[in-house]
Amino acid sequence: RGVATFAEIDPEALKMLERAREQLLDKFGTLSEAWSDGFKAGEKSWVPQDKFLAAIKQHGLAIDRPEKLFKALRARISQKALIMEDFRAFLIGLPPELHAPVWALPPGQARMPRAG
């Protein structure tokens, strides 16, 4: 076939993202709401690791290894904080037709740029 899927490359990481995504959607409804209501600290557009870990605890999310989840969401290995676009990693493994409703930006906000 010549193409490897993320599930074939790192099934453990995919399961971690899927479990976290399910909890976020159960609690907040969409990923954009999870970011804005659950993780974003006030007017800042970024969330450092310590605030991310505190938010997981505050919202009662059952994430086995939250530090590993933080690292998996980073776009760059040297990144010290997450931004909203980093939550796009939670879309991995979903069929493309579910990306928009799972992300669901509020009206008036710019849509996510397409990857690629």
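This tour moves through two helix contacts and one pocket of a predicted model.

Begin by selecting helix H4, residues 49–58, together with helix H5, residues 66–73, whose axes lie 10 Å apart and pack at an angle of about 125°. The two helices, H4 and H5, are therefore oblique to each other, and the crossing in which H4 passes H5 is right-handed. To see what makes this contact, show the side chains of Gln49, Phe52, Leu53 and Ile56 on H4, and those of Pro66, Glu67, Leu69, Phe70 and Leu73 on H5. Coloured by class, the residues of the contact between H4 and H5 divide into 7 nonpolar, 1 polar and 1 charged.

Keep H5 on display and add H2, whose axis comes within 11 Å of that of H5 and crosses at roughly 100°; H2 is therefore roughly perpendicular to H5. Here the residues to pick out are Glu12, Met16, Leu17 and Ala20 of H2, which meet Lys68, Leu69, Ala72 and Leu73 of H5. By class, this contact of H2 with H5 has 6 nonpolar residues, no polar ones and 2 charged ones.

Turn next to the second largest pocket, which has a volume of about 170 Å³. Its lining can be selected as Glu12, Met16, Arg19, Ala20, Gln23, Ala62, Ile63, Asp64, Arg65 and Lys68. Which helix gives the most to the lining of this pocket? That is helix H2, residues 11–28, with 5 residues. Colouring the lining of the second largest pocket by class gives 4 nonpolar, 1 polar and 5 charged residues.

Definitions and conventions:
Residues are numbered from 1 along each chain as its sequence is written. This is a predicted model: local features need pLDDT of at least 70, side-chain atom pairs count only at pLDDT 80 or more; totals for chains, interfaces and linings use all residues. Side-chain values use heavy atoms; hydrogens and water are left out. Axes are lines fitted to C-alpha atoms, for helices over the stretch in contact, and angles run from 0 to 180 degrees between N-to-C directions. Helices (H or I, at least four residues) and strands (E, at least two) are DSSP runs, numbered from the N terminus. Angles under 35 degrees count as roughly parallel, over 145 as roughly antiparallel, 65 to 115 as roughly perpendicular and the rest as oblique. A crossing is left-handed if the near helix is turned anticlockwise from the far one by less than a right angle, and right-handed if clockwise. Contact means heavy atoms within 4.5 Å. Ala, Val, Leu, Ile, Met, Phe, Trp, Tyr, Cys and Pro count as nonpolar, Asp, Glu, Lys and Arg as charged, and the others, Gly among them, as polar. On a 1 Å grid over the protein atoms alone, a cavity is a set of points where a 1.4 Å probe fits but cannot get out, and a pocket is an open set with protein on both sides within 12 Å along at least five of seven lines; lining residues have an atom within 4 Å of a point. Grid points are joined across faces, edges and corners, and a volume is the space filled by probe spheres set on the points.
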